[in-house]
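Student: I have a protein model open beside its sequence, and I would like to learn how to read it step by step. Could we go through it with questions?

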Amino acid sequence: MRAQDSATADTSIAVGDSGTAPLITAPPSASSPRRVGTLQAALGVVAFSLTFPATAWGLEGFGLWSLVGVRSVLAAVIAGGCLLALRVPVPARRHWAGLAVVAAGVVLGFPLLTTLALQTSTTAHAAVVVGLLPLTTALFSALRVGARPSRTFWIAALAGAAAVIAFTVQQSGGALTGADAYLFGALLICAAGYTEGGRLARIMPGWQVIGWALVLCLPLTAPGALLALSYEPVRLTVHGVAGLLWVAAGSQFLGLVVWYRGMAAIGIPKASQLQLAQPLLTLVWSVLLLGEHLTPAAPLTAAAVLVCIAVTQRARG
């Protein structure tokens with residue numbers, strides 16, 4: 001087929017009633033997969049925005065180590081069941097190093113460090129600090145692919161970091177707290193897990209990335225959960241159970257499934273832009289679900305961080 005014939009073969013031509021005015025219908029839009037990817041990433045952001053309130057609920061019925069261990073085990077059981085039911089082959093050996101980074105970042109590190117922080121920090125405070133996660137993810141992504149961000153990118157990045165540090169110092173009475181140290185550590189380790197997971201999601205389906213990462217952690221999380229349950233008291237309250245179920249099924253598995261699929265479809269930078277809404281959504285949930293009262297500094301700082309990260313994303317593009 002000639003090039004001209006090939007080009008016209010994808011275009012539908014319809015003849016009007018008069019037979020003289022053909023109506024040309026454009027070929028199917030290539031933006032449909034991007035729309036689906038954007039929707040998937042957005043659903044992941046909504047799931048993540050509920051993580052801190054759900055964790056606060058879970059701590060009403062479970063101890064710190066019990067909550068972290070049980071949520072990972074439950075998520076691994078769900079993921080492992082899906083992998084077995086669909087007879088998914090074990091990933092190639094070259095992918096296990098990347099899966100280990102995902103496991104260390106989003107399965108173990110981030111849940112543990114943020115749960116430690118939420119024992120002494122409000123969810124609103126934690127949400128604003130974690131508002132830097134899209135920025136740190138973009139930074140890790142730039143380093144991973146060898147990109148050289150522009151001067152505008154670095155200026156906006158430093159401005160966003162300064163806004164968050166100023167907020168945390170002001171909220172803690174002039175000094176950083178132990179909770180803030182946990183939160184900043186969570187930012188770094190989770191950004192590494194997001195970046196590596198987004199890269200792997202281009203090679204294998206996103207749900208398999210998080211699924212194998214969860215299964216990889218079972219030799220640690222299963223004994224850890226049993227040990228924690230034997231030492232920490234458990235009170236099966238409605239809030240406690242609901243919080244545990246959400247952080248296990250919603251945040252730890254389903255949210256990451258759609259998030260990684262979205263990242264693979266639209267790219268890490270664009271997915272990070274969608275995550276800009278996460279701190280503001282968490283602030284809303286903290287008021288509606290936990291009855292927390294926001295200081296004027298919290299939403300103002302969150303808005304400032306959004307502006308700074310948006311500038312970094314434009315600069316990268």
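Tutor: We will begin with the whole chain, go on to pairs of helices and end with single residues, keeping in mind that this is a predicted model.

Student: How many helices and strands does the secondary structure of the protein have?

Tutor: The chain has 317 residues, and 46% of them count as buried. Among contacts between residues at least 6 apart in sequence, 87% join residues at least 24 apart. As for the secondary structure that makes up this chain, the count comes to 14 helices and two strands.

Student: How much surface does the protein expose?

Tutor: Carbon and sulfur atoms supply 68% of the exposed surface. The area that the protein exposes is about 15,300 Å².

Student: Are α2 and α11 roughly parallel or roughly antiparallel to each other?

Tutor: Helix α2 covers residues 32–49 and helix α11 covers residues 238–266, and their axes lie 7 Å apart at an angle of about 150°. An angle over 145 degrees counts as roughly antiparallel. The crossing of the two helices is left-handed, and by their angle α2 and α11 are therefore roughly antiparallel.

Student: By class, how many nonpolar, polar and charged residues does the contact of α2 with α11 have?

Tutor: On the α2 side the contact includes Pro33, Arg34, Gly37 and Phe48, while the α11 side includes Trp246, Gly250, Arg261 and Ile266. Sorted by class, the residues of this contact are 12 nonpolar, eight polar and two charged.

Student: Which word describes how α4 and α10 are set to each other?

Tutor: The axes of α4 and helix α10, the latter running over residues 206–231, come within 7 Å and cross at roughly 140°. Angles over 145 degrees count as roughly antiparallel and those from 65 to 115 as roughly perpendicular, with the rest between these ranges being oblique. The crossing is left-handed, and the two helices are therefore oblique.

Student: How many charged residues does the contact of α4 with α10 have?

Tutor: Among the residues that meet here are Trp65, Gly69, Val73 and Leu83 in α4, and Trp207, Gly211, Leu218 and Leu229 in α10. By class, the contact of α4 with α10 has 17 nonpolar and seven polar residues, and the number of charged residues is no more than none: there are no charged residues.

Student: Is Thr136 buried or exposed?

Tutor: Thr136 lies in helix α7, which spans residues 133–145. Leaving aside neighbours within four places in sequence, Thr136 is in contact with Leu187 and Ala191. Its relative accessible area is 11%, and because buried means under 20%, Thr136 counts as buried.

Student: What is the relative accessible area of Arg87, and where is this residue found?

Tutor: Arg87 is found in the loop between α4 (64–85) and α5 (96–118). Its phi is near 55°, a positive value in a residue other than glycine, whereas most residues other than glycine have a negative phi. Arg87 is exposed, with a relative accessible area of 75%.

Student: How many residues apart in sequence are Ala56 and Thr115, and what is the C-alpha to C-alpha distance in space?

Tutor: Ala56 has its place in helix α3, residues 51–58, and at 22% relative accessibility Ala56 counts as partly exposed. Not counting residues up to four places away in sequence, Ala56 touches Thr123 and Leu290. Ala56 and Thr115 are 59 residues apart in sequence, and from C-alpha to C-alpha the distance is 8.2 Å.

Methods
Residues are numbered from 1 along each chain as its sequence is written. This is a predicted model: local features need pLDDT of at least 70, side-chain atom pairs count only at pLDDT 80 or more; totals for chains, interfaces and linings use all residues. Side-chain values use heavy atoms; hydrogens and water are left out. Axes are lines fitted to C-alpha atoms, for helices over the stretch in contact, and angles run from 0 to 180 degrees between N-to-C directions. Helices (H or I, at least four residues) and strands (E, at least two) are DSSP runs, numbered from the N terminus. Angles under 35 degrees count as roughly parallel, over 145 as roughly antiparallel, 65 to 115 as roughly perpendicular and the rest as oblique. A crossing is left-handed if the near helix is turned anticlockwise from the far one by less than a right angle, and right-handed if clockwise. Contact means heavy atoms within 4.5 Å. Ala, Val, Leu, Ile, Met, Phe, Trp, Tyr, Cys and Pro count as nonpolar, Asp, Glu, Lys and Arg as charged, and the others, Gly among them, as polar. Buried means under 20% relative accessible area, exposed over 50%, partly exposed in between (1.4 Å probe, protein chains only). Accessible areas come from the Shrake-Rupley method with a 1.4 Å probe; for residues, only the protein chains shown count as cover.
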